[in-house]
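Open the structure in your viewer and keep the selection panel at hand. The stops below go from the ligand to the strands and helices.

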Amino acid sequence: MNYISTRDKAKEKYTAAFVIKKGLAEDGGLFVPEKIPSVSADDIKNLCKDTYPVRAAKILSEYLTDYTYGELLDECSKAYAENSFPGGAAPVKHICDNMFSLELWHGPTAAFKDMALQVMPRLLSRALVKTGEDRTALILVATSGDTGKAALEGYKNIDKTKIMVFYPVDGVSRVQKLQMSTQTGDNVNVCAIKGNFDDAQTGVKKIFSDSEAVKALNDKGYFFSSANSINWGRLVPQIVYYISAYCDLVNSGSIKIGDEINVCVPTGNFGNIFAAYLAKLMGLPIKKLICASNKNNVLTDFLKTGVYDRNRDFYCTMSPSMDILISSNLERLLYFCAGAEKTARYMDSLKRNGKYEIDSGIKSLIDENFAGYFADETETAQTIRDYYVNHNYLIDTHTAVAVSCAEQYLKDTQDNIPMLVVSTASPYKFAADVYCSITSERPDDELEALKMLSKYTSSEISYPLRGLEERKVRFTHTAKPEDMLSEVYDYISKP
Ligand SMILES: *Cc1c(COP(=O)(O)O)cnc(C)c1O
């Protein structure tokens, strides 16, 4: 299996190991597989008998053909082990009627980023060996909270890698700060920045493009790398859980092999839903992909009108991981529907004018597969309350957006086949908003909110968020944004 850039009409080919190491193509495009492997009814029948790590290894081996099946099974078995994902990696729960929830938040940081970030660092570490790289990858991450923690947990103690995370000192919640400052592992470092998220992000981008810094690192045996969500290594593990969920629905007798299902995904950067689209292209019987957005509904408008326009107000919502105006992975969908030449043109227009309009032929291709809906803050809060009170099912703010959109879709279409709603975070990850949605009472403190929610709903706090106050704080350092590079030098010169 080879990979090509979404913007390269000459279709130059690269290996999986190369694209995982490289992240972004030279021409600014994203890497995509040259062809799509298929999953037949017989394959599904066999996968039904397998555990999650085996399903993952089998599906990844269709895409990562320069890794052996043994290597993939080894890494998937470690990544999705019971101690990281107690009770299983991606369980499917029945909510009500024909609605099911795919819970992707049982990993070490209680959010779905773990599904990719537990295995991707392992794939990168192997990619360095496969591409003859003898330097260590130094991963730099600027985070507004959740991605930083998930990356730290993913890269901790992974060979040939080190990771350094920068977060805005007053820009993350008390829970998030504690999660990062108590991070364990020998190859991790965390630094607070006196500034906001943009300052941290700008600082990291500046370091990546600083040729002197690149050279200085090279002399010490390092190169910079990113844990960015557009890396193919983060996307490919996400295909697995759609196929796995289908198998689980078969195993529970909810569907028969060959039956169609709908899938509804709370969407930000379009990575998760694009993985579902790939599963559909592989042959998984998915009828519609419902793209759920919050009040930042640029994708809802795009799917309705064919015009992508980021020139609009930006809202901070209670589903912050979906507060995005440029959904980078949408470029991969454009490539599959419109080809490299048009994709490059659309992306150029997005960069210059903040907008583009797709041709009507391409729009109808997208319409066959996707529907777009959004939920505002009131609808999100009502959905959390409604599903807790009426179905005894506790959901976080992101999942609630998806549930609300799934309901809107059902109401519009009466398309009542099984609906798989993707649940992307533990309700405890956003405990204050969830508690407030149910009781109309706002806890003053995030740590308190965890306990209040647990008491009120008689449910257990997700394991990664338990006992945070008792953990040993390892990282207390704060730096100015202009000193980020010297912080990096300090870190790598330590023994
Ligand atoms: C990242 C994230 C999303 C959005 O996923 P994309 O792949 O960026 O579309 C949704 N919910 C949660 C909780 C997330 O962390």
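Begin with the ligand in this predicted model. Select the residues around the ligand: there are 14, and those that come nearest are K113, G268, N269, N272 and T424. Colour the shell by residue class, and you should find five nonpolar residues, eight polar ones and one charged.

Next, show the backbone atoms of N269, F270 and N272. A polar backbone atom of N269 is 2.7 Å from an oxygen atom of the ligand. For F270, a polar backbone atom is 3.0 Å from a ligand oxygen. At N272, a backbone N or O atom lies 2.9 Å from an oxygen atom of the ligand. How much of the ligand does the protein bury? Taken alone, the ligand exposes 380 Å², and 95% of that is buried by the protein.

**The six-stranded sheet**

Switch to a cartoon view and select β3, β4, β14, β9, β10 and β13. In that order, these six strands form an open sheet with mixed pairing. Which strands are at the edges? They are β3 (92-96) and β13 (370-374), each of which pairs on one side only. From one strand to the next, the twist averages 25 degrees.

Now select residues 261-266 and 419-423. These are β9 and β14, which pair in the parallel sense over three bridges. Label N262 and look across to β14, where M419 stands opposite.

Add residues 271-282, helix α12. This helix packs on the sheet and touches β9, β10 (286-293), β13 and β14. The direction of α12 makes about 175 degrees with that of β10. N272, met earlier at the ligand, falls within the residue range of α12. Then select 360-369, helix α15, which lies across β10 and β13 and runs at about 100 degrees to β10.

**The five-stranded sheet**

Move on to β8, β5, β6, β7 and β15. These five strands, in that order, form an open sheet, and the pairing is parallel. The edges are β8 (222-225) and β15 (478-479); each has a single partner strand, so one side of each is left without a neighbour in the sheet.

Within this sheet, select residues 136-142 and 161-168. These are β5 and β6, which run parallel and are joined by six bridges. Label A142 and find F166 opposite in β6.

For the last stop, show helix α9, residues 197-208. Helix α9 lies across β5, β6, β7 (188-193) and β8, and runs at about 155 degrees to β5.

Technical notes: Residues are numbered from 1 along each chain as its sequence is written. This is a predicted model: local features need pLDDT of at least 70, side-chain atom pairs count only at pLDDT 80 or more; totals for chains, interfaces and linings use all residues. Side-chain values use heavy atoms; hydrogens and water are left out. A residue is near a molecule or strand if one of its heavy atoms lies within 4 Å of it. A polar contact is a pair of N or O atoms within 3.5 Å; within protein, one must be able to donate a hydrogen and the other to accept it, and residues adjacent in sequence count only if both atoms are side-chain atoms. Accessible areas come from the Shrake-Rupley method with a 1.4 Å probe; for residues, only the protein chains shown count as cover. Ala, Val, Leu, Ile, Met, Phe, Trp, Tyr, Cys and Pro count as nonpolar, Asp, Glu, Lys and Arg as charged, and the others, Gly among them, as polar. Two strands pair if DSSP finds at least two bridges between them. Helices (H or I, at least four residues) and strands (E, at least two) are DSSP runs, numbered from the N terminus. Axes are lines fitted to C-alpha atoms, for helices over the stretch in contact, and angles run from 0 to 180 degrees between N-to-C directions. Contact means heavy atoms within 4.5 Å.
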